[in-house]
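Welcome! Here is a protein to explore together, one question at a time.

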Amino acid sequence: MKKVTAFVGSARKKHTYEAAVQFLSNLQSMGDIEYEIVRLSDYQLQPCRGCKVCFEKGEEHCPLKDDRDVLIEKMMASDGVVFASPNYSFQVSAIMKTFLDRLGFAFHRPRFFGKTFTSIVAQGIYGGKKIVDYLDFVGNGLGFNTVKGSCITTLDPMTEKQQRKIDKVLAAQARRYYARLEKPAYPVPTLIQLMFFRLGRTKIGLELDDSFRDYTYYAEKGWLDSDYYYPTRLGVVKKGAGKLFDSVSASTTRAR
Ligand SMILES: Cc1cc2nc3c(=O)[nH]c(=O)nc-3n(C[C@H](O)[C@H](O)[C@H](O)COP(=O)(O)O)c2cc1C
C-alpha cells in the first residue's frame, strides 16, 4: 500500500479540489493507494518574514508558530505528494505560495528523496503551463522524484468537451505517476541533478563553516564527500563528470 497526499491551494472546493480528487481516484483504480487531501486553507500558515533564521540557524528557530511542521510531517509520511493550485494572476495562489515560502529552508537542505511528486494547476484561460513548470521545479528542488504535472482549463460554464479533455489529461497523469511510484525510489541521478548537487555541496563545504545550519546539515548527512544525496551507483562518465563539477565549483568559489 502506498500513501499519496495532495496539498490543495484553493480555499473553495471547486476545480482544483475536484481535479485532485479525480487524479487520486484514478490512482486508486490502478493499485493499492491510500490518499489524503490537505486543503491548505484549513491550516494556519503565516507569511514568511524573511529573517533567514531558518537558513542560517535552523528551521526550529523560526519565530512563526503555525502548522508548517504538521504539513511537513504529512509529506514525510507519504510515498507521494501532489501540489495543486489554481492560477491566480499567472502564479500559484497566495496560500500555496505562503506554504512554499514556509518550506524555503528545505530548498537549501532537501529531504523528500524517494518520494514521488507531481503538480496540478487549474486555470480559467491562460498562464497555467508556466505554473506547472514552476511547481515541478519546486518538486525537484525539494528532492522529490518529479512526474510532469498538468494544467487544466476550467472556464465556467464548463463544456462537455472541456471536461472530456480534463478527464483525459488527469488519467494520463495518474498513469505516469503510478508508474513512477512503482519504479525504484532512489534512481541514479541525471547529469543535471548530479551537477546541481556537486556544485552546491562543494560551495557549501568551502564557503561555510559549522556556524551555518546548511553546513552542519550537509556534514551530518555525509553530503560534503558523498557521490550524491543518497547511495547510488554512478557509471564511469557520471563519476568523471561529478569530479569535474566539484573542481569547477571549487575554482569559482575561490575566485569569488
Ligand atoms: C484572483 C484570481 C485570479 C485569477 N487569475 C487567473 C489568471 O491569471 N489566468 C487564468 O487563466 N485564470 C485565472 N483565474 C481563474 C482561476 O484560475 C480558475 O477559475 C480556477 O479554476 C480556479 O480554481 P478553483 O475552482 O479551485 O477556485 C483567476 C481567478 C481568481 C479568483
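## A guided look at the model

Q: Is aspartate 214 buried or exposed?
A: Keep in mind that this is a predicted model. The relative accessibility of aspartate 214 is 8%. Buried means under 20%, so aspartate 214 counts as buried.

Q: Which helix holds aspartate 214, and which residues of that helix are buried?
A: Aspartate 214 is found in helix H9. The buried residues there are Arg213, Asp214, Thr216, Tyr217 and Tyr218.

Q: Which side chain makes a polar contact of 2.7 Å with the side chain of aspartate 214?
A: Let's leave aside the neighbours within four places in sequence. Aspartate 214 is then in contact with Phe55, His108, Arg109, Ile204 and Leu208. The polar contact of 2.7 Å joins its side chain to that of arginine 109.

Q: What covers the buried residues of H9?
A: Contact here means heavy atoms within 4.5 Å. The cover includes helix H2 (53-56), helix H5 (104-108) and H8.

Q: Which residue just after H9 takes a positive phi?
A: Step just past the end of H9 and look at the backbone. Phi is about 80° there, and the residue is glycine 222.

Q: How does the span of helix H8 fit what is expected, and what is that span?
A: Helix H8 covers residues 191-207, which is 17 residues. At 1.5 Å a residue, the expected span is 24 Å. From first C-alpha to last, H8 is close to that value, reaching 24 Å.

Q: Within what arc do the buried residues of H8 fall?
A: The buried residues of H8 are Leu194, Phe197, Arg198, Arg201, Thr202 and Ile204. Seen down the axis of H8, they line one face of the helix, because they fall within an arc of 160°.

Q: Why can residues that are not next to each other share a direction on a helix?
A: An α-helix has 3.6 residues a turn. Residues therefore point the same way when they are three or four places apart.

Q: Which residues on the other side of H8 are exposed?
A: The buried residues of H8 have cover that includes helix H9 (213-221) and helix H10 (236-255). Now turn to the other side of H8. The exposed residues there are Ile192 and Phe196.

Q: How far apart in space are asparagine 140 and glutamine 193?
A: Asparagine 140 is found in helix H6, residues 128-141. At 41% relative accessibility, asparagine 140 counts as partly exposed. In sequence, asparagine 140 and glutamine 193 are 53 residues apart, yet from C-alpha to C-alpha the distance in space is 8.8 Å.

Q: Which residues come nearest to the ligand?
A: There are 16 residues around the ligand. Helix H1 (15-28) and strand S4 (116-123) each supply at least two residues of this shell. Those that come nearest are Arg12, Thr16, Asn87, Ile125 and Thr154.

Q: What share of the ligand's area does the protein bury?
A: Start with some atoms that lie by the ligand's oxygen atoms. A backbone N or O atom of histidine 15 lies 2.9 Å from one ligand oxygen atom, and a polar side-chain atom of threonine 16 lies 2.6 Å from a ligand oxygen atom. For phenylalanine 90, a backbone N or O atom lies 3.0 Å from a ligand oxygen atom. Taken alone the ligand exposes 640 Å², and the share buried by the protein is 72%.

Q: Is phenylalanine 90 buried or exposed?
A: Phenylalanine 90 lies in the loop between S3 and H4, with a positive phi near 65°. Its relative accessibility is 57%. Exposed means over 50%, so phenylalanine 90 counts as exposed.

Q: What is the phi of serine 89?
A: Serine 89 lies in the loop between strand S3 (80-86) and helix H4 (94-102). At 69% relative accessibility, serine 89 counts as exposed. Its phi is positive although the residue is not glycine, with a value near 50°.

Q: Which peptide bond is cis, with omega near -5°?
A: Look in the loop between strand S6 (150-153) and helix H7 (160-182), where proline 157 is found. The cis bond runs from aspartate 156 to proline 157.

Conventions
Residues are numbered from 1 along each chain as its sequence is written. This is a predicted model: local features need pLDDT of at least 70, side-chain atom pairs count only at pLDDT 80 or more; totals for chains, interfaces and linings use all residues. Side-chain values use heavy atoms; hydrogens and water are left out. Helices (H or I, at least four residues) and strands (E, at least two) are DSSP runs, numbered from the N terminus. The expected span of a helix is 1.5 Å times one less than its number of residues. Buried means under 20% relative accessible area, exposed over 50%, partly exposed in between (1.4 Å probe, protein chains only). The arc is that of the directions from the helix axis to the C-beta atoms. A residue is near a molecule or strand if one of its heavy atoms lies within 4 Å of it. A polar contact is a pair of N or O atoms within 3.5 Å; within protein, one must be able to donate a hydrogen and the other to accept it, and residues adjacent in sequence count only if both atoms are side-chain atoms. Accessible areas come from the Shrake-Rupley method with a 1.4 Å probe; for residues, only the protein chains shown count as cover.
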